[in-house]
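The report below describes the architecture, the nonpolar interior and a few selected side chains of one protein chain. Please read it alongside the sequence and the structure, which are shown next.

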Amino acid sequence: MSLIVFLLIIFSAFFHASWNFAAKKASGNFYVVYLSLLIASVLFFPFLFTLSVSELFNVRAFPYVFATGTIHAVYFFALAKAYEHGDISSAYPIARGTGVAGTALAATLFLNEAITMFGLFGIVSISIGTLLVGLKNSNQTGGLKGLLFALLVGTMIVGYSIVDKLGVGIMNPVAYIFGLWIFATLWLTPYVLIFKRRELSLAWKEYKKYSFIIGIGSLMTYLLILFIYRIAQVSYVVALRELAVAIGAVLGFVFLGEKPTGLKIIGITLIVLGMMAIKLA
C-alpha cells in the first residue's frame, strides 16, 4: 500500500471517530441521525452540477446505488440504537471489528482479493483489538441490546463495503454517494414522518448542531473512502479505518468518563500493530 493512500485512510479515521462521537453526545438519538442524512443530502446537492449527465445517470450503477442506500438505512438505524443501549467505547469497536473480519472474508470470496501474510496478520490483529476494546464489564447495563445492534451494524458494514467497492468502479464517487444518501433517507422517511414527527421536532430543537456535524462528517469521510476504494483493496481499507476505534475509545475515556481497562489498552495496541502490518502489506 502506498504511503499517500495509507495516510488518507488514517486521516479519514480521525473524522470518522469525530462524527461518531457527536452521535454519542446526542445520546444515540435516531432522529438526529435521520436529520443528519437529510441535511447532508441538501448541502451536497450543488456539487452534482460539477458532473456530466453521463456521470449522473449511470444505469449500470443503479443496482449498486439502490442496494447500498438500503443497507445504509439499516446501518444508520442500528448505529443509533447501538449507541442508545451501549457506551461508545464498546458499541463502536464491536461494530467495526465485526466489519473488518467479515469484509476481509467477503472480499476474498467475492472480489478475489489476495491477502498477504502481513495483511492477514494485520486484519486479525485489528479484529481482535477492536473486540478487546469493546469488551464490557458484566455488571454494566444495557449490554445485550447494545451488542446485538452493534453486530447488526458490523454486518451492514460488510454488505455496503463490498457493494460500494463494485459500485464506484463504474460510477463517479460524487454521484454515487449522493444516490446512496438519498436512498437511505427515503427508506427512513415514511417511518419518521408517519409515526415520529414529534420526536423529530424535538431532535431538531435540542440537537440541531449534532445533526449538522454527523451529516457533513459522515458524508465527506465516506466520500474520501469511496475514492480510495478505486485504487486499494477493500479488505485493507476497511481494516485500516479502524484506527477510528482507538480514537473513539480515547474520546470516550477523556470526555465521557468511560473507564479505560487493561483489555481496552491491549486492544488499542493490537490495532496499532495491525495497522503497521497492513502498511507493510
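Helices (H or I, at least four residues) and strands (E, at least two) are taken here as DSSP runs, numbered from the N terminus. The model is predicted, and for that reason local features need pLDDT of at least 70 and side-chain atom pairs count only at pLDDT 80 or more, while totals for chains, interfaces and linings use all residues. Residues are numbered from 1 along each chain as its sequence is written, and side-chain values use heavy atoms, with hydrogens and water left out.

## Overall architecture

The secondary structure of the protein chain comes to 12 helices and 0 strands, and its elements, read from the N terminus on, run α-α-α-α-α-α-α-α-α-α-α-α. The radius of gyration is taken over C-alpha atoms, and the globule rule is 2.2 Å times the number of residues to the power 0.38. For 281 residues a compact globule would have a radius near 19 Å, and the 18 Å of the protein chain agrees with this. Taken along the principal axes, the C-alpha atoms fill a box of roughly 50 × 45 × 30 Å.

Contact means heavy atoms within 4.5 Å. Of the contacts in the protein chain with a separation of 6 or more, 91% are accounted for by residues 24 or more positions apart. Buried means under 20% relative accessible area, exposed over 50%, and partly exposed in between (1.4 Å probe, protein chains only); buried residues make up 54% of the 281 residues in the protein chain.

## Nonpolar core and aromatic pairs

A nonpolar core is a set of buried Ala, Val, Leu, Ile, Met, Phe, Trp, Tyr and Cys residues joined through side-chain atoms within 4.5 Å. The largest such core has 96 residues, of which Tyr75, Tyr176, Ile177, Trp181, Tyr222, Tyr229 and Met275 touch the most other members. Helix H9 (residues 197-229) gives the largest share of this core, with 12 residues.

Rings of Phe, Tyr and Trp (its six-membered ring) pair if their centres lie within 6.5 Å, with planes under 30 degrees apart counted as stacked, over 60 as edge-to-face and the rest as tilted. By this rule the count comes to 20 aromatic pairs. In one of them, the rings of Phe76 and Trp181 have their centres 5.8 Å apart and their planes at 75°, so the arrangement is edge-to-face. This pair links distant parts of the chain, since Phe76 lies in helix H4 (residues 62-85) and Trp181 in helix H8 (residues 173-195), 105 residues apart. Phe76 is buried, with a relative accessible area of 2%, and Trp181 is also buried, at 2%.

One aromatic cluster is formed by Trp19, Tyr75, Phe76, Tyr160, Trp181, Tyr222 and Tyr229. Not counting residues up to four places away in sequence, Tyr75 touches His16, Trp19, Arg96, Val153, Met156, Ile157 and Tyr160.

## Selected residues

The table lists three residues by helix and relative accessible area.

| Residue | Helix | Relative accessible area |
|---|---|---|
| Ser127 | H6 (residues 117-134) | 9%, buried |
| Tyr236 | H10 (residues 234-240) | 5%, buried |
| Leu151 | H7 (residues 143-167) | 34%, partly exposed |

A polar contact is a pair of N or O atoms within 3.5 Å; within protein, one must be able to donate a hydrogen and the other to accept it, and residues adjacent in sequence count only if both atoms are side-chain atoms. A polar atom of the Ser127 side chain lies 2.8 Å from the backbone oxygen of Ile123, and the side chain of Tyr236 reaches the backbone nitrogen of Thr116 at 3.1 Å.

Leaving aside neighbours within four places in sequence, Ser127 is in contact with Gly97, Val100 and Ala101, and Leu151 with Ile94 and Thr98. With the same neighbours left aside, the contacts of Tyr236 include Met1, Ala114, Gly119, Ile123 and Ala281. Tyr236 and Ile278 are 42 residues apart in sequence and 6.7 Å apart in space, C-alpha to C-alpha.

## Charged side chains

A salt bridge is a side-chain nitrogen of Lys or Arg within 4 Å of a carboxyl oxygen of Asp or Glu, and a search of the whole structure finds 1. The side chains of Lys196 and Glu199 meet in a salt bridge at 4.0 Å, N to O. Lys196 counts as partly exposed at 21% relative accessibility, and Glu199 is partly exposed at 26%.
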